[in-house]
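Please follow this account with the sequence and the coordinates at hand. It moves from strand pairing to the pockets.

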Amino acid sequence: WVENYIEFEHEGSFHIRKFILGLLNTAVGKQIKIFEETVVTAITPDAKKVLVTTSEGKVVAKKVVVASGLPACFPELHLLFETQLTYVIAARYPGAAPIPDGQFWDSTTPYHYWRKTDPSTIMLGGEDRAGSAPQPTTSPYDALTTWLHQRFPSEATGKATVTHTWSGSLFETEDGLPYVLPHPQHAKQV
């Protein structure tokens, strides 16, 4: 199977949209306003409120939670992050995917993470690349596909077919821990 991996038992796995819609149906949730698919162009805190300027208009709030990989409206924080790209493939087996339920992460370099998205599909990611590091000549998608076929062959159900590929930006802090704090200059509002 895979040597040197970490299994996250009982790790939370949930559909974020269903979670948010459920939250909005609670007593606390009925007091929350969500502006979905609205591009925020500026966040301007002052002593009493936060003005959020969007592509659709302006919103005034007492507090704002910025939940993003890189807080775009606060360039003063960008020096805390190094940008990397992570790559992901989805691969469907003709029968059951040959891995158990769970979320997994290996401890190799480059690292890989994987889980099932349904009984016959594996999502495999990794092969991250930092903008400042020398880049391997192999495509990250080819490397992920090779890694998948070497470690998760399935003679019983047939070879997996890659159905989707995508990449995403990661913004790493120097110590690798996420930046989850109040803004140093706007702690009461952001």
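In this predicted model, Ala42 stands opposite Thr53 in strand 3. That residue pair belongs to the antiparallel pairing of strand 2 (residues 40-45) with strand 3 (residues 50-54), which extends over five bridges. Pro45 likewise has a counterpart in strand 3, where it stands opposite Val50. The connection from strand 2 to strand 3 is a hairpin through four residues.

Strand 3 also pairs with strand 4 (residues 58-61), in the antiparallel sense and over four bridges. Here the bridge partner of Val52 is Val59 in strand 4. Strand 3 and strand 4 form a hairpin too, with three residues between them; in its turn, Gly57 has a positive phi of about 150°. As for solvent exposure, strand 3 is mostly covered, since four of its five residues are buried.

A separate topic is the open sheet of six strands, whose order is 1-6-7-8-5-9 and whose pairing is antiparallel. Its edge strands are strand 1 (5-8) and strand 9 (161-172), each of which pairs on one side only. On average, and with direction ignored, neighbouring strands of this sheet are turned by 20° against each other. In general, strands of a sheet pair through backbone hydrogen bonds, in either a parallel or an antiparallel manner. At one edge of this sheet, strand 1 pairs with strand 6 (residues 103-106) in the antiparallel sense over four bridges, and Glu7 has Phe104 in strand 6 as its bridge partner.

The discussion now turns to the pockets. The largest pocket holds about 1,100 Å³ of space. It is lined by 29 residues, and those nearest its centre are Lys33, Val40, Val64, Val65 and Val66. Strand 2, strand 3 and strand 4 each supply at least two residues of this lining, with the largest share, three residues, coming from strand 4. By class, the lining of the largest pocket divides into 19 nonpolar, four polar and six charged residues.

The second largest pocket has a volume of about 790 Å³. Of the 28 residues that line it, Ser68, Gly69, Pro178, Tyr179 and Val180 are the closest to its centre. The largest share of this second lining, four residues, comes from strand 9, which is also an edge strand of the six-stranded sheet. The composition of the lining of the second largest pocket is 19 nonpolar, seven polar and two charged residues.

Note on methods:
Residues are numbered from 1 along each chain as its sequence is written. This is a predicted model: local features need pLDDT of at least 70, side-chain atom pairs count only at pLDDT 80 or more; totals for chains, interfaces and linings use all residues. Side-chain values use heavy atoms; hydrogens and water are left out. Two strands pair if DSSP finds at least two bridges between them. Axes are lines fitted to C-alpha atoms, for helices over the stretch in contact, and angles run from 0 to 180 degrees between N-to-C directions. Buried means under 20% relative accessible area, exposed over 50%, partly exposed in between (1.4 Å probe, protein chains only). On a 1 Å grid over the protein atoms alone, a cavity is a set of points where a 1.4 Å probe fits but cannot get out, and a pocket is an open set with protein on both sides within 12 Å along at least five of seven lines; lining residues have an atom within 4 Å of a point. Grid points are joined across faces, edges and corners, and a volume is the space filled by probe spheres set on the points. Ala, Val, Leu, Ile, Met, Phe, Trp, Tyr, Cys and Pro count as nonpolar, Asp, Glu, Lys and Arg as charged, and the others, Gly among them, as polar.
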